[in-house]
Amino acid sequence: MEKIELIWDFRVAVMPDGRQVQLDLAEAKVLQCLLRSKGVTPKEKIIKIVFGGEVSASAVSVYITRLREKIGAARIITVAGVGYRMAR
């Protein structure tokens, strides 16, 4: 799968087809966390890095759902019982 580019200053995800998707701050941070990971990113790591440990695992699921709606569901893979990874 083609890569997504994140333009951090504007919180915009640039899709492989050139389309730009506006993200809120938390969505951009979650996407950045997933893009930087070499493999599976555990929910606990997202909670710690993105939210400073201040949210529940279900809140992470909500942000993942919102990202999937914006960038395409097939781009974020759920690894049951572990976390998430970007599709290859």
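Axes here are lines fitted to C-alpha atoms, for helices over the stretch in contact, and angles run from 0 to 180 degrees between N-to-C directions. With that in hand, let's walk through this predicted model, starting with its helices.

Take helix H2, residues 43-51, and helix H3, residues 57-71: their axes come within 10 Å and cross at roughly 85°. Angles of 65 to 115 degrees count as roughly perpendicular, so H2 ends up roughly perpendicular to H3. On the H2 side the contact is built from Lys43, Ile46, Ile47 and Phe51, and on the H3 side from Ala57, Val60, Ser61 and Tyr63. Sort those residues by class and you get 6 nonpolar, 1 polar and 1 charged for the contact of H2 with H3.

H3 has another crossing to look at, this one with H1. The axes of H1 and H3 come within 10 Å and cross at roughly 85°, so H1 and H3 are roughly perpendicular to each other. H1 brings Ala26, Glu27, Val30, Leu31 and Leu34 to this contact, while H3 brings Tyr63, Ile64, Arg66, Leu67, Lys70 and Ile71. By class, the contact of H1 with H3 has 8 nonpolar and 3 charged residues, with no polar ones.

Next, the core. The largest nonpolar core holds 24 residues, and Val30, Leu31 and Ile46 are the ones that touch the most other members. At least two residues of this core come from each of helix H1 (25-36), H2, H3 and S6. H1 gives the largest share, 6 residues. Ile46 is a handy place to zoom in: setting aside its neighbours within four places in sequence, Ile46 is in contact with Val30, Cys33, Leu34, Thr41, Phe51, Val60 and Tyr84.

Now for the strands. As a general point, strands of a sheet pair through backbone hydrogen bonds, either parallel or antiparallel. In this model, one open sheet has 3 strands in the order S1-S2-S3, with antiparallel pairing. Its edges are strand S1 (5-7) and strand S3 (20-22), each of which pairs on one side only. Ignoring direction, neighbouring strands of this sheet are turned by 25° against each other on average. Strand S2, residues 12-14, pairs with S3 in the antiparallel sense over 3 bridges, and Val12 has Gln22 in S3 as its bridge partner. H1 packs on this sheet and touches S1, S2 and S3, with its direction making about 140° with that of S1.

Before leaving this sheet, have a look at the loop between S1 and S2, where Arg11 lies. Most residues other than glycine have a negative phi. Arg11 isn't a glycine, yet has a positive phi of about 50°. Arg11 is partly exposed, with a relative accessible area of 33%.

The other open sheet to visit also has antiparallel pairing, and its 3 strands run in the order S4-S6-S5. Here the edge strands are strand S4 (41-42) and S5, each pairing on one side only. S4 and S6 pair in the antiparallel sense over 2 bridges, and Pro42 stands opposite Gly83 in S6. H1 packs on this sheet too, touching S4, S5 and S6, and its direction makes about 70° with that of S6. H3 packs on the sheet as well, touching S5 and S6, and its direction makes about 150° with that of S5.

On the other side of S6, strand S5 (residues 76-79) pairs with strand S6 (residues 83-86) in the antiparallel sense over 4 bridges. Val79 stands opposite Gly83 in S6. The hairpin of S5 and S6 has 3 residues between the strands, and Gly81 takes a positive phi near 75° in that hairpin.

One last stop is Arg75, in the loop between H3 and S5. Is this charged side chain's residue buried or exposed? Arg75 has a relative accessible area of 16%, and buried means under 20%, so Arg75 counts as buried. Not counting residues up to four places away in sequence, Arg75 touches Met1, Glu2, Ile4, Met15, Pro16, Arg85, Met86 and Ala87. For a sense of distance, Arg75 and Gln20 are 55 residues apart in sequence and 15 Å apart in space, C-alpha to C-alpha.

Technical notes. Residues are numbered from 1 along each chain as its sequence is written. This is a predicted model: local features need pLDDT of at least 70, side-chain atom pairs count only at pLDDT 80 or more; totals for chains, interfaces and linings use all residues. Side-chain values use heavy atoms; hydrogens and water are left out. Two strands pair if DSSP finds at least two bridges between them. Angles under 35 degrees count as roughly parallel, over 145 as roughly antiparallel, 65 to 115 as roughly perpendicular and the rest as oblique. Contact means heavy atoms within 4.5 Å. Ala, Val, Leu, Ile, Met, Phe, Trp, Tyr, Cys and Pro count as nonpolar, Asp, Glu, Lys and Arg as charged, and the others, Gly among them, as polar. A nonpolar core is a set of buried Ala, Val, Leu, Ile, Met, Phe, Trp, Tyr and Cys residues joined through side-chain atoms within 4.5 Å. Buried means under 20% relative accessible area, exposed over 50%, partly exposed in between (1.4 Å probe, protein chains only).
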